[in-house]
Amino acid sequence: MSVAKKQYKRVTVKSLVEMKANGEKISMLTAYDFTMAKILDGSGIDVLLVGDSASNVMAGHETTLPITLDQMIYHASSVVRAIERCLVVVDLPFGSYQSDPKEALRSAIRIMKESGGHSIKLEGGKEVKESIKRILNAGIPVMGHLGLTPQSIYKFGTYTVRAKEEEEAEKLMEDALMLERIGCFALVLEKVPASLAKKVADVLTIPVIGIGAGNGVDGQVLVTHDMIGMTHEFNPRFLRRYLDLYKDMTGAFENYISDVKSGDFPSEKEQY
């Protein structure tokens, strides 16, 4: 028997736990600016992630490492001003939390106070346990992130699938249980085997959001610019493109250039 889907006027961290308990999948996408966030929120998305992927998507860096805390606050502020319904999660950038729990708390507080975001996300397990606990003790909701952790790319040396071997899979499960135990409200699993991701989702009571982690988890996240085809060089197996905006936008720009060059634009109706 199907259960009627609850309508949320405002999605909160509590809403996501309820959605998992009710068997409702959670939709999550990235946003870095006001205009895109406005469209996404209006479409009914559950969660917007102001990801440190802005370093790649918006600034053209090769990795997520260069983006700063100030830049993350700027992007998050732009997104928060656009939303009415969805939950906004903001990434803590590389260098703002890893080595010092006090610095982690200061970074998280800055994001919450200066951007208006609803929660933060950070990468890692037991290595950042003390940082997470300090942030949680301040009343700031935390989303965890395990599997492929892009901020550690130079440690791993590759963006390949993580936790394929038994030892790493066991550590991932231990870290996931620890993150739930200390109080994280949700967890992102990135590029891990689908069977492992399902085991984690089945064991945890908090929602598990996957990216390249199969369909056995509680929700999915993609980079918006990838799934609408604004980017076209990035083609991982887990990405489904719902539009080809690169092609459509290129065609529109070419038509505009042609119309300007020929004098066709503006027409009499398009001038005062």
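**Entry: Met36**

I started at Met36 and listed its contacts beyond four places in sequence: Thr224, His225, Ile228 and Met230. The model I am reading is a predicted one. Met36 sits in helix α2, residues 34-43. I asked how far apart Met36 and His225 are in sequence and in space. The separation is 189 residues in sequence and 9.8 Å between the C-alpha atoms. I then looked up the accessibility of Met36 and found a relative accessible area of 15%. Buried is under 20%, so Met36 is classed as buried.

**Entry: the core**

Next I looked up the nonpolar cores. The largest has 79 residues. Which residues have the most contacts inside this core? They are Leu48, Leu122, Ile132, Ile135, Leu189 and Val200. Helix α8, residues 166-182, supplies the largest share of the core, with seven residues.

I followed Ile132 outward from that list. Leaving out residues up to four places away in sequence, Ile132 touches Leu122, Val142, Leu179, Ile182 and Cys184.

**Entry: Cys184**

Cys184 came up among the contacts of Ile132, and I checked it separately. I found Cys184 in the loop between α8 and β6. Is Cys184 buried or exposed? Its relative accessible area is 3%, so Cys184 is buried. Beyond its sequence neighbours within four places, Cys184 is in contact with Ile132, Leu136, Val142, Gly144, Leu179 and Ile206. I also noted the pair Cys184 and Lys121: 63 residues separate them in sequence, and their C-alpha atoms are 9.4 Å apart.

**Entry: salt bridges**

I searched the whole structure for salt bridges and got eleven. I wrote up three pairs and one network.

Lys20 pairs with Asp218, with 2.9 Å between the closest N and O atoms. Lys20 is in helix α1 (residues 13-21) and Asp218 is in the loop between β7 (208-211) and β8 (219-222), so this bridge ties together parts 198 residues apart in sequence. I checked burial for both partners: Lys20 is buried, and Asp218 is too.

Arg106 and Glu103 form another salt bridge, at 2.9 Å from N to O. Why are these two separated by about one helical turn? Both belong to helix α5 and they are three residues apart, so the spacing comes to about one turn. Arg106 has a relative accessibility of 46% and counts as partly exposed. Glu103, at 31%, also counts as partly exposed.

For Arg162 and Glu168, I read 3.0 Å between the closest N and O atoms of their salt bridge. I asked which side of the burial cut-off Arg162 falls on. At 12% relative accessibility, Arg162 counts as buried. Glu168, with a relative accessible area of 30%, is partly exposed. Elsewhere, Asp70, Arg110 and Glu114 are joined into one network by salt bridges that share partners.

**Entry: Ser96**

I went back to Glu103 because its contacts include Ser96, and I looked at the serine from its own side. Ser96 lies in the loop between β3 (87-91) and α5 (101-115). Outside four places in sequence, Ser96 is in contact with Glu103, Ala104 and Ser107. What lies 2.6 Å from a polar atom of the Ser96 side chain? The backbone oxygen of Pro93 does. With a relative accessibility of 5%, Ser96 counts as buried.

**Entry: surface patch**

I then looked for nonpolar surface. Phe253, Tyr256, Ile257, Val260 and Phe265 make a nonpolar surface patch of about 490 Å². I picked out Ile257, which lies in helix α11. Its relative accessible area is 47%, and Ile257 is therefore partly exposed.

**Entry: backbone**

Phe265, one of the patch residues, also turned up in my backbone check. Is the peptide bond from Phe265 to Pro266 cis or trans? The bond is cis, with omega near 0°. Pro266 is placed in the segment after α11 (245-262).

The other backbone item I logged is Lys191. Its phi is near 50°, a positive value in a residue that is not glycine. I located Lys191 in the loop between β6 (186-190) and α9 (194-203).

Note on methods:
Residues numbered from 1 in each chain as written. Predicted model: local features only at pLDDT ≥ 70, side-chain atom pairs only at ≥ 80, totals over all residues. Heavy atoms only, no water. Helix = DSSP H or I, 4+ residues; strand = E, 2+ residues; numbered from the N terminus. Buried < 20%, exposed > 50% of the residue type's maximum accessible area, 1.4 Å probe, protein only. Contact = heavy atoms within 4.5 Å. Patch = residues over 30% accessible without salt bridge, like charges linked within 9 Å, V, L, I, M, F, W, Y side chains within 5 Å. Areas by Shrake-Rupley, 256 points an atom, 1.4 Å probe, with all protein chains shown as cover. Salt bridge = Lys/Arg side-chain N within 4 Å of Asp/Glu carboxyl O. Core = buried A, V, L, I, M, F, W, Y, C linked by side-chain atoms within 4.5 Å. Polar contact = N/O pair within 3.5 Å; in protein donor to acceptor, adjacent residues only side chain to side chain.
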